[in-house]
Amino acid sequence: MEVLTSVLSLIAGLGVLMIGMKMLSEGLERSAGKGMRKLFGKISNNRFAGVGVGAVATVLVNSSAATTVMVIGFVNAGLMTLFQATSIIMGANIGTTLTGVIIALSGFDINAYMIVLVFIGVVIGMVTKNATVKRIGSAISGLGLMFVGLSVMSDALNSPDISKSLTSVFIKVDFPLVLILTGIVFTALFQSSTAMTAILVTMTGARIIPMSSALFVILGTNIGTCVTAIIASFGASTNAKRTAVIHLLFNAIGTVIFTTFIWIFKDGVVWLFGKMSNSPQMQVALFHVFFNILTTGLLLPFITPLTKLASGIVREKRGSDDEAPHMYYIDDRFLNTPPIAVAQVKREVDHMAEMAKTNLKRAMVAVLTLNVSERENVERDEQRINFINKGVSKYLIKLSSQSLTRADEKFVGSLHHVVGDIERIADHAENFMEDAQNMKENDCAFTSDALDELEDMYDKVMAMFDEAMYIFENNAVSRLNGFSEREQEIDMTKRLLGNNHIARLNAGGCTVESGTYFYSIISALERIADHLTNIAFSIKSPSGSQREAMEKIAEEQKRRSRERKKSGTSLLAQSEPQNHEQEPAEAEGEAASLLAGEQTPTAESEGE
């Protein structure tokens, strides 16, 4: 019964440890969300910078496997080269050693102090209203829970029966290759080298496994952690699979080199680490650090040969169809790191909008010149846009179930409407191309005045397109007022052009048939302007409602004004975040005028 209780306590302690690790990583990850996005936005071909990015990213997500899976996602999306991925993976292996060092602190009798962090983190979360501080509190609680788990595991291993049984096992199983295999198997089962390192550190502290054996188990954990990346590469592109192979090669080569050296000079290595620290736990953690730093130092100059070797192992697929519709920036592998997933889905939406804009240009050129040579390209990209629309919508549902910050939750919610608006704009482009084709076949043409008017209205809509995407991409709230004026101008232009069309028709200047196409096109351009207005105002209203957005802006301006008056801070000394260029009173006044005289721009029913 005592043995059973100890085994259950060991399992429970491991569970608490892993929950603590998850809380720590989520707290750090959500607190450093913007930093993570900027970090991966600075990826270059500098191998040292890549190592730094990999190390920092792994510290933030608390898992080298998670970083590697994320890198595989970038490579699979074509956003990162094998060279860049290799240096980041090397850095990830260094970054993951920090958690091992933290765990090894349990060997200095500080568990009682570290456990208090659970309570401190909870108190921070209860007393503060600041979301960032709450997340930091959660991370602190997670760190404390890790030491709670380590304490429970240590107590379980101190059971005489358990300790004696495990000690006898490791005395008999002291062959290096068997120990390495043990590390590989258990790390693969846990899918976390940190969890296996924690177990090993605890067992070393309890004198169950000698340092001479622990060295080889640690080497095995570095290979075992590659299993997660290999699984993640299933179904991915050729280069993504090569990335997983590079991760395996890096750890395997390092393990072979270290195994050979330690096998020969085992006593000397144990003596050396014994001199570095009196704590067996810290000795194991330091060896893990040395292994990854030295392996990175040895292989960093040979990144190019590594990538060539991986390319030779994983051959290029033949007959791959790059023209088939596919996602360009998002990948399910990013879902494990929500801040990166949010950044990538934004890039996917930006790219979708750019494709819609290109199609609109092609189609309008066809309308103005009756040259329909681009029709196949418009139809091809229309299929791609429809594919991306469905893919992004499904991805947003998955992303909504992840641990997101409040700002990201709102942003993800607004994207459902944004992708719908972009898809409808692309539909209009396809309709324009059909109109051009029908006009050409029926020998129908616009007058020179009608062409000039269409081109003028089209230019105004395209200027709105650029402005809407700028506002969306940069969260430029201060430019919404000006954008609303542009939308009103398009409405007026449509009415003016409609009147001009009737005048030409009455004067016999154009045919009824050409007039039908003319009115259809200016109506569609006005609807496109409505969709663009929805996209621009989505930064303040998930549904793209202009009224709701302006109400929120007015409320925020009032709140800021009250806060500044309370603090005694001069209004002139304050600046609006996110490039808000207007003074609060001015912005509030404009918001009020918009609310008083305008309706929410909503796309008309289009029967698409």
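## Trp263 and its setting

W263 is a residue of helix α14. The model described here is predicted. At a relative accessible area of 41%, W263 is partly exposed, and this residue takes part both in an aromatic pair and in a nonpolar surface patch. Those two features are treated in turn below, after a description of the chain.

## Overall architecture

The secondary structure of the protein chain consists of 25 helices and zero strands. The chain has 608 residues, of which 51% are buried. Its accessible surface amounts to about 27,500 Å², and carbon and sulfur atoms account for 58% of that area.

Contacts between residues at least 6 apart in sequence show how the chain is connected: 82% of them join residues at least 24 apart.

## Aromatic pairs

Nine aromatic pairs are found in a search of the whole structure. In one of them, the ring centres of F175 and W263 lie 5.5 Å apart with the planes at 80°, so this pair is edge-to-face. The two residues come from distant parts of the chain, 88 residues apart: F175 belongs to the loop between α9 (160-172) and α10 (176-190), whereas W263 belongs to helix α14 (residues 238-264). F175 is partly exposed, at a relative accessible area of 41%, and W263 is also classed as partly exposed, at 41%.

A further pair is formed by F261 and F265, whose ring centres are 5.0 Å apart; the angle between the planes is 45°, so the arrangement is tilted. F261 has a relative accessible area of 47% and is therefore partly exposed, as is F265 at 46%. Elsewhere, ring pairs connect F258, F273, F287, F290 and F291 into a cluster.

A charge over a ring is also present: the charged end of R504 sits over the ring of F518, at 5.2 Å from the ring centre.

## The nonpolar surface patch

Which residues make the nonpolar surface patch of about 710 Å²? The patch is made by F175, L177, V178, F261, W263, I264 and F265. Two elements, α10 and α14, each give two or more residues to the patch. Helix α14 provides the largest share, three residues.

The patch thus contains both partners of the edge-to-face pair, F175 and W263, and both partners of the tilted pair, F261 and F265.

## Salt bridges between α21, α22 and the loop

The search of the whole structure gives 14 salt bridges. Side chains of opposite charge can pair when their charged atoms come close. One such bridge joins K460 to E489, with 3.3 Å between the closest N and O atoms. Because K460 lies in helix α21 (residues 448-474) and E489 in helix α22 (residues 480-506), the pair ties together parts of the chain that are 29 residues apart in sequence. Both ends are partly exposed: K460 has a relative accessible area of 24%, and E489 one of 39%.

A bridge between R479 and E467 has its closest N and O atoms 3.0 Å apart. This pair also links distant parts of the chain, since R479 sits in the loop between α21 and α22 and E467 in helix α21, at a separation of 12 residues. The partners fall into two accessibility classes: R479 is partly exposed at 30%, whereas E467 is buried at 11%.

## A buried bridge and a salt-bridge network

Are the partners of the bridge between D331 and R333 buried or exposed? The side chains of D331 and R333 meet at 2.7 Å, N to O. D331 has a relative accessible area of 7% and R333 one of 13%, so both are buried, each value being under the 20% limit.

Salt bridges can also share partners, and in this way R362, E374, R380, D381 and R384 are joined into one network.

How values were computed:
Residues numbered from 1 in each chain as written. Predicted model: local features only at pLDDT ≥ 70, side-chain atom pairs only at ≥ 80, totals over all residues. Heavy atoms only, no water. Salt bridge = Lys/Arg side-chain N within 4 Å of Asp/Glu carboxyl O. Buried < 20%, exposed > 50% of the residue type's maximum accessible area, 1.4 Å probe, protein only. Helix = DSSP H or I, 4+ residues; strand = E, 2+ residues; numbered from the N terminus. Phe/Tyr/Trp six-rings, centres within 6.5 Å; stacked < 30°, edge-to-face > 60°. Lys NZ or Arg CZ within 6 Å of the ring centre and 35° of its normal. Patch = residues over 30% accessible without salt bridge, like charges linked within 9 Å, V, L, I, M, F, W, Y side chains within 5 Å. Areas by Shrake-Rupley, 256 points an atom, 1.4 Å probe, with all protein chains shown as cover. Contact = heavy atoms within 4.5 Å.
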